[in-house]
Structure formats: structure tokens, C-alpha cells
Amino acid sequence: MPSTADDSQQNFVLAFLLGLIAFVIFFVVGIVLYHRAHAPHGPVPAVAAAAAPATSTVAEVTETVTVVIPDGASIRVDGGVVNFYFASASADLAPGAAEALAAVIKGVEAGRKAEVSGFHDTTGDAALNEQLARKRADTVRDVLTGLGVPADKIELKKPAVTAGSGNDAQARRVEVRLVD
């Protein structure tokens with residue numbers, strides 16, 4: 001009888017180990033399936049995007065759109081005029097420049113020109129503000145050319161009064177409008 005007890009004990013240990021192994025396998029498979037089902041479906045990783053064929057898609061902005069980021073830079077499209085607002089002492093654009101310029105790009109493709117004008121606020125040194133307004137306008141021009149707008153279709157126009165109107169945040173801007 002002692003051998004029957006030993007066999008029974010071995011069968012129990014073997015069944016327990018097989019059950020434990022099956023449990024671990026099912027647990028790992030369950031975690032993998034859960035993570036795949038709940039993975040974020042955001043933008044394509046840069047490596048995959050670089051491998052994808054280049055296509056040119058331009059969104060059409062047909063209403064007033066405002067994009068604001070924490071450092072004070074923002075973009076506002078209103079009545080066919082694209083206004084890029086800048087943080088103090090900065091020429092960095094807010095995200096979404098390409099989308100905001102979609103209507104301008106379409107207008108240029110239809111034979112019009114893009115007029116880019118830089119403004120500044122009234123705080124600080126006037127000469128430095130003039131330079132900063134020009135640098136901001138150059139940045140917007142560079143974005144337009146980067147989006148495929150020919151340089152001869154972009155006119156940098158210095159406004160008669162470069163000190164913008166409104167509060168300082170509204171004054172630090174670059175306006176882009178279509179002209180004939």
C-alpha cells in the first residue's frame with residue numbers, strides 16, 4: 001500500500017504543477033491581449049511615418065479656429081486671415097501652423113499671393129522689437145515655403161505701424177492674408 005500513496009502524491013504534485021503552468025500561460029496571454037486591445041491609437045511612430053510614402057494632405061479651415069499652448073503662443077484663423085501670436089521675446093510658432101495655413105495655401109495654388117506682416121508689442125526696446133517682428137514674419141514665411149508655397153508667391157510686408165494694437169499678447173503677432 002505504500003506505493004499507492006506515493007503514486008497518489010506524485011499524481012497530485014504533477015497535476016498541481018501542470019495547473020500552475022497553465023494558469024501562468026493564460027495569465028500572460030490575457031495581459032498581452034488586454035494591452036493590445038487598449039493600446040493608444042495615436043500618431044504613427046516616427047520610424048513608421050518615415051517609411052510611409054510621402055503624401056500631401058491639406059486640411060481646409062472653414063471656420064474660426066483657435067489653438068493655444070501654455071507658453072502664450074497661439075494661432076487664430078478668422079475671416080481668411082491667419083494670426084500667429086507669440087510669447088514675449090519669442091519667435092516660436094504654436095503647433096498647428098500647417099493646418100492653419102491650409103486656406104492660404106489653397107489661395108496661392110489658385111493664383112493669389114500670401115502677404116506676411118509682423119507686429120510687436122510696445123514693451124522693451126523698440127529696435128529689438130522691430131527685429132523680433134521681422135524674425136517672426138521670417139519664421140512664418142519659412143513654414144509656408146516648407147509647405148510647398150513658392151517663395152515668389154510670398155510677400156513680406158512691413159506694416160506702416162509695426163506696434164500692434166490691443167493688449168501686448170495680441171500685439172505680438174504675424175498676420176498672413178491672401179492678396180491679388
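With which side chain does the side chain of E175 make a polar contact? In this predicted model, the partner is R177, whose side chain lies 3.0 Å from that of E175. E175 is placed in strand β6. Its relative accessibility is 14%, and because the limit for a buried residue is under 20%, E175 counts as buried. Leaving aside residues up to four places away in sequence, E175 touches V81, V82 and N83, together with E115, V116, S117 and F119.

The protein has 180 residues, of which 28% are buried. Six helices and six strands are assigned, and their order along the sequence is α-α-β-β-β-α-α-β-α-β-α-β. Of the contacts between residues at least 6 apart in sequence, 65% join residues at least 24 apart. The exposed area of the protein is about 11800 Å², with 61% of this supplied by carbon and sulfur atoms.

Confidence varies along the chain. The mean pLDDT of the protein is 78, and 75% of the residues reach 70 or more. Strand β5 (residues 154–156) has the highest confidence, at a mean of 96, whereas helix α2 (residues 46–51) has the lowest, at 36. Over residues 41–62 the pLDDT stays under 50, and for this segment the model has 10 contacts beyond four places in sequence. Where pLDDT is low, the predicted coordinates should not be read in detail.

Helix α5 was examined separately. This helix comprises the 21 residues 126–146. At 1.5 Å a residue the expected span is 30 Å, and the end C-alpha atoms are 30 Å apart, so the model agrees with the expectation. At the N-terminal end, α5 is capped by D125, which has a side-chain oxygen 3.2 Å from the backbone nitrogen of A127. Just after the helix, G148 adopts a positive phi of about 100°.

The buried residues of α5 are N129, L132, A133, R136, A137, D138, V140 and L144. The elements that cover these buried residues include strands β3 (81–85), β4 (113–118), β5 and β6 (173–179), as well as helix α4 (102–109). Strand β6 thus appears in two of the descriptions above: as part of the cover over the buried residues of α5, and as the strand in which E175 is placed.

Methods
Residues numbered from 1 in each chain as written. Predicted model: local features only at pLDDT ≥ 70, side-chain atom pairs only at ≥ 80, totals over all residues. Heavy atoms only, no water. pLDDT = per-residue confidence, 0-100. Helix = DSSP H or I, 4+ residues; strand = E, 2+ residues; numbered from the N terminus. Contact = heavy atoms within 4.5 Å. Expected span 1.5 Å × (residues − 1). Buried < 20%, exposed > 50% of the residue type's maximum accessible area, 1.4 Å probe, protein only. Polar contact = N/O pair within 3.5 Å; in protein donor to acceptor, adjacent residues only side chain to side chain. Areas by Shrake-Rupley, 256 points an atom, 1.4 Å probe, with all protein chains shown as cover.
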